[in-house]
Amino acid sequence: MTSILTINDVSKRFGGLKALTNLSFEVYENQVTAVIGPNGAGKTTLFNLISGLIPIDSGKIIFNRRRIDHLKSYERTKLGIARTFQTLGVFSNMTVIENVMLGEDIHAETGIISTIFNTKKHRKEEKYIREKAVYWLNRMGIEDVKDKNISEIAFEKQRLVEITRAIVSNPKLLLLDEPAAGLNITETRSLISKIKDINDSGITILIVEHDMDMIMEISDRIVVLNFGEKIAEGKPEEIQKNDKVISIYLGTTY
Amino acid sequence: MIKKSSFKAVVTFVIALIFLLIFKNPYYIGVLIFLGINLLITIGLSLLMGYAGQISMGQAAFFGIGAYTSGILTAKFGLPIGVSFLASIAITVFIAFIIGIPTLKLKGHYLAMATLGLGEIVYIVFNELIPLTGGPSGFGEIPVIKIFGISLDSDQKFYIFIWAIVSFILFISLNIVNSRIGRALKALNKSEEISSTLGINTSKVKLGIFTLSAGYAALAGFLYAHYVTFLSPGSFSLNFSILLVTMVAIGGMENIWGAFLGTAILTLLPEYLRFFKDFDILIYGAILMSIMLLRPEGLYGIKIKIPFLKKTKKEI
């Protein structure tokens, strides 16, 4: 198993609050790794540190054998880290397909002059980007809404658009921040099969989620956080039996 | 969504030419020339405000720098217009770049503050640098533009020239809006954080579009200087910057055609408000307030119901 992402002794404080303390774990290539833990455990902070929205205080983040913790957010995306947001990160001033095309734009090669004059090269590239967006929208089952404004479509579909936008950037690692939040059981079932499909296409996934059934079904490995510290790590069946994990979720004293 | 920006630009030019044939009155031609000049500035401002979500209160200053640079270089130093044109664009873009670098790295409306300051500084320089600018009374004898041996010495010739340029600027601006640059602008308008996780270098994109808008304003300034052939500071005050922002806001920020509409209204309206004299600013204020209250997204795209036709028709 090759490690694609290494979190090495990472700490983050917000003033007096310790959001993450000396956290270390690995994400292995082609696996689905889940991060679970109660509210306030530091899961979203972890995602923001990995994607570079906030700087780490100490430690190292290594992605694909390269240290990335000093890089800007957009540079990390270009290296192959894509993410979605817990509170939807789609853009309400654009159509569905434009939102998705935005994800592909980091690979665009047409220069600024060619873009400004809308040359043949630019039109060809736009066409290619659009076709690829349509392909993935189709694969995610939302091709029918492609020309609608994003705010006109159902919540579940908006979430799928956000995931599609992340995939079309060809990431090596996809960070999913609570993708099932706000979805009903049927929608969650359908999301699970889509996440499996994405994983099968060769994209490593790091997921934060509260839906335990979903986590147990899709994860290869689970990291459990509580108050910013790692309290357990292992395969789903190991985590299910772990006393510490059971106690923080069920409140048992030991 | 029709993508043919070249078609739209050509149609705009043809409509402008038709107006030239309809309005024989030189007064109307003059007004439409000023509409063209204002449009060059507001199209850039629309890219900056409506798409990138940044406000510049210094477009009148960039307009002024463009005008004064070319005016001074030709009238006082006798340089050819081609050289003064390049200098006026380059100097303006450079100043915008210098201001943009620190301010656009920050999130929020720091650009509005910085450009507000720039506007005041430039206005003072125009007034006080008397040997070059002639101070408050200004300076004249700026040559008219000669292109391919044709001197643009009549309003008709200049009108055709400026509307050709407006159409060209419209063409490239629509292309920008319909490209990945346009998508990036719209995205960072909504959220810089999310945009950066999509691989968009937000400060670079903001800086690019800001300098572009300054470049458009400089182009407008250059044309203004060689059309009016006389420059004084009054035309480049903060009031004009505010008026430009108002034009974009009332027309509809999130669309270039909105800027077009707003500019047309606020350029033509004053011609009918002359009898209010200095109170015209009150009318602008009232218009801006009512639009912000009743239709904050601007006038563009408003649907007016015509009772006998039963269909809803889109304005413009």
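These legends go with a set of close-up views of a predicted model.

**View 1. The open sheet of chain A has four strands.** Reading across, the order is β2-β1-β4-β5, and the pairing is antiparallel. At the edges stand β2 (17-28) and β5 (66-67) of chain A, and each has just a single partner strand, so one side of each is left without a neighbour in the sheet.

**View 2. Here β1 meets β4 in chain A.** Strand β1 covers residues 3-14 and strand β4 covers residues 58-63; the two run antiparallel and are joined by five bridges. For a landmark, look for Ile7(A), which sits opposite Ile61(A) in β4(A).

**View 3. A hairpin links β4(A) and β5(A).** Two bridges hold this antiparallel pair together on paper, and Phe63(A) stands opposite Arg66(A) in β5(A). Between the strands there are two residues. In the turn, Asn64(A) has a positive phi of about 55°.

**View 4. The largest nonpolar core takes in 158 residues.** Which of its residues touch the most other members? They are Val100(A), Leu174(A), Leu40(B) and Ala220(B). Helix α10 (residues 202-228) of chain B gives this core its largest share, 16 residues. Chain A is represented too: at least three residues come from each of domain 1 (1-80 + 171-254) and domain 2 (92-169).

**View 5. Zooming in on Ala220(B) brings up its contacts within chain B.** Leaving aside residues up to four places away in sequence, Ala220(B) touches Ile37(B), Leu40(B), Ile41(B), Phe63(B) and Gly66(B). One of these, Leu40(B), is also listed with Ala220(B) among the core residues that touch the most other members.

**View 6. Lys105(B) sits in a loop between two helices.** The helices on either side of this loop are α4 (81-104) and α5 (110-128) of chain B. Is Lys105(B) buried or exposed? Neither quite fits: Lys105(B) has 13 other C-beta atoms within 10 Å, so it counts as partly exposed, given that exposed residues have 12 or fewer and buried ones 20 or more. To place the loop in the chain, take Ile165(B) as a reference: the two residues are 60 residues apart in sequence and 32 Å apart in space, C-alpha to C-alpha.

How values were computed:
Residues numbered from 1 in each chain as written. Chains lettered and ligands numbered in written order. Predicted model: local features only at pLDDT ≥ 70, side-chain atom pairs only at ≥ 80, totals over all residues. Pairing = 2+ DSSP bridges. Core = buried A, V, L, I, M, F, W, Y, C linked by C-beta atoms within 7 Å. Domains from an automatic or database assignment. Contact = placed C-beta atoms within 7 Å.
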